[in-house]
Amino acid sequence: MKMPAIIFYQGWRFSFFANEGNEPIHIHARKGDKQCKYWLHPETFCVSEAYTRGMNTRDKRHVIKIIM
């Protein structure tokens with residue numbers, strides 16, 4: 001099942017799917033061959049990396065800045 005996009009920003013497609021088993025709240029982002037998933041921690045206002053593919057450090061920082 002395709003995840004619904006919640007926002008398109010600077011070429012990034014951000015999406016989530018609420019029924020992914022026992023996983024914590026998270027958001028997916030994709031831009032071309034780059035993709036990632038970040039866990040959202042609303043109680044501490046933090047995010048943590050679940051996985052990234054094809055992304056460098058600058059890409060990761062950029063996505064986290066958009067999410068936060």
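**Strand pairing and salt bridges in the predicted model**

Leaving aside its neighbours within four places in sequence, Gln-35 is in contact with Ala-29, Arg-30, Tyr-51, Thr-52, Arg-53 and Met-55. These contacts are read from a predicted model, in which Gln-35 belongs to strand E4. With one of these residues, Arg-30, the side chain of Gln-35 makes a polar contact of 2.6 Å.

The setting of strand E4 is a sheet. Five strands build this open sheet, in which the order is E1-E2-E3-E4-E5 and the pairing is antiparallel. Strand E1, which covers residues 5-9, and strand E5 stand at the edges with a single partner strand each, so that one side of each of them has no neighbour in the sheet. From one strand to the next, the twist averages 20°.

The pairing between E4 and E5 can be followed residue by residue. These two strands run in the antiparallel sense and are joined over seven bridges. Cys-36 is placed opposite Thr-52 of E5, while Trp-39 has Ser-48 as its bridge partner in that strand. Together E4 and E5 form a hairpin, with four residues between the two strands, and within the turn Phe-45 has a positive phi of about 60°.

Charged side chains add a further set of links. Side chains of opposite charge can pair when their charged atoms come close. Three salt bridges are found in the structure. In one of them Lys-37 is paired with Glu-23, and the closest N and O atoms are 2.7 Å apart. Because Lys-37 lies in strand E4 (residues 34-41) whereas Glu-23 lies in the loop between strand E2 (12-15) and strand E3 (26-31), this pair ties together parts of the chain that are 14 residues apart in sequence. Lys-37 has a relative accessible area of 9% and is therefore buried, the cut-off for that class being under 20%. Glu-23, with a relative accessible area of 33%, is partly exposed.

A salt bridge is also formed by Lys-34 and Asp-59, for which the closest N and O atoms are 3.1 Å apart. This pair links distant parts of the chain, as Lys-34 is in strand E4 and Asp-59 is in helix H1 (residues 57-67), with 25 residues separating them in sequence. Lys-34 counts as partly exposed, at 26% relative accessibility, whereas Asp-59 counts as buried, at 12% relative accessibility.

Helix H1 also takes part in the salt bridge between Glu-49 and Lys-60, where the distance between the closest N and O atoms is 3.8 Å. Glu-49 lies in strand E5 (residues 46-53) and Lys-60 in helix H1, so this pair ties together parts that are 11 residues apart in sequence. Glu-49 is partly exposed at 40% relative accessibility, and Lys-60 is likewise partly exposed, at 24% relative accessibility.

Considered by element, strand E4 is thus joined to strand E5 through antiparallel pairing, to the loop between strands E2 and E3 through the pair of Lys-37 and Glu-23, and to helix H1 through the pair of Lys-34 and Asp-59. Strand E5, which stands at an edge of the sheet, is tied to helix H1 through Glu-49 and Lys-60.

Note on methods. Residues numbered from 1 in each chain as written. Predicted model: local features only at pLDDT ≥ 70, side-chain atom pairs only at ≥ 80, totals over all residues. Heavy atoms only, no water. Salt bridge = Lys/Arg side-chain N within 4 Å of Asp/Glu carboxyl O. Buried < 20%, exposed > 50% of the residue type's maximum accessible area, 1.4 Å probe, protein only. Pairing = 2+ DSSP bridges. Axes fitted to C-alpha atoms, helices over the stretch in contact; angles between N-to-C directions. Polar contact = N/O pair within 3.5 Å; in protein donor to acceptor, adjacent residues only side chain to side chain. Contact = heavy atoms within 4.5 Å.
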